[in-house]
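Please look over the structure shown here before reading the notes. They go from the overall fold to single residues.

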Amino acid sequence: MALPKEDSKKILSPKLAFCPGESELELYLLYPEFKLADSRKIKNHLENCKICQDRLEQLKGFYKLLEHEFSCPIPHEVYEMAKKLINL
């Protein structure tokens, strides 16, 4: 999501005038040790960018929900229905 120039001045410091992409935020969340220099840049950016803080919180929520869904057993009926659908 690109910010209009006048809005970016209100949110970001001149040193952090970039917003990481969705995949960069996802890598930062899932693999914080990956490319340590990039992680530091993103961490510093997050301290000053409300938009990216919100995006990161959404990603955290998504992965928390995904983790919960994977921990729930699938009812036998649903499994059998899925097998039938795949074999169509």
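The points below cover the fold, the core, two residues in some detail, and the cysteines.

The model is predicted. The secondary structure of the protein consists of five helices and zero strands. Of its 88 residues, 17% count as buried.

**Overall fold and surface**
- Read from the N terminus, the elements follow the order α-α-α-α-α.
- Among contacts in the protein with a separation of 6 or more, 64% are between residues 24 or more positions apart.
- The protein exposes about 7,200 Å², and carbon and sulfur atoms supply 61% of that area.

**The largest nonpolar core**
- Nine residues form the largest nonpolar core: L25, Y28, I42, L46, C49, I51, C52, L56 and L59.
- Three elements give two or more residues to this core, namely α2 (22–30), α3 (36–48) and α4 (50–71).
- The element that gives the most is α4, with four residues.

**L46, a member of the core**
- L46 belongs to the largest nonpolar core.
- Outside its neighbours within four places in sequence, L46 is in contact with L25, Y28, C52, Q53 and L56.
- Among these partners, L25, Y28, C52 and L56 are also listed in the core.

**S39, a buried serine**
- S39 is part of helix α3.
- Is S39 buried or exposed? S39 is buried, because its relative accessible area is 8% and the cut-off for buried is under 20%.
- Which residues does S39 touch, leaving aside its neighbours within four places in sequence? S39 is in contact with Y28, P32 and F34.
- Y28 is thus a contact of S39 and also a contact of L46.

**Cysteines and disulfides**
- How many disulfides does the count come to? The count comes to zero disulfides.
- For C19, the nearest cysteine sulfur is that of C52, 3.8 Å away. C19 is in no disulfide because a disulfide needs the two sulfur atoms within 2.5 Å.
- C52 is also one of the nine residues of the largest nonpolar core, and C49 is listed there too.
- C19 has a relative accessible area of 28%, so C19 is partly exposed. A residue has to be under 20% to count as buried, and a nonpolar core is a set of buried residues, so C19 does not qualify for one.
- C72 is also partly exposed, at 30% relative accessibility. The same requirement for burial therefore keeps C72 out of a nonpolar core.

Definitions and conventions
Residues are numbered from 1 along each chain as its sequence is written. This is a predicted model: local features need pLDDT of at least 70, side-chain atom pairs count only at pLDDT 80 or more; totals for chains, interfaces and linings use all residues. Side-chain values use heavy atoms; hydrogens and water are left out. Buried means under 20% relative accessible area, exposed over 50%, partly exposed in between (1.4 Å probe, protein chains only). A nonpolar core is a set of buried Ala, Val, Leu, Ile, Met, Phe, Trp, Tyr and Cys residues joined through side-chain atoms within 4.5 Å. Contact means heavy atoms within 4.5 Å. Accessible areas come from the Shrake-Rupley method with a 1.4 Å probe; for residues, only the protein chains shown count as cover.
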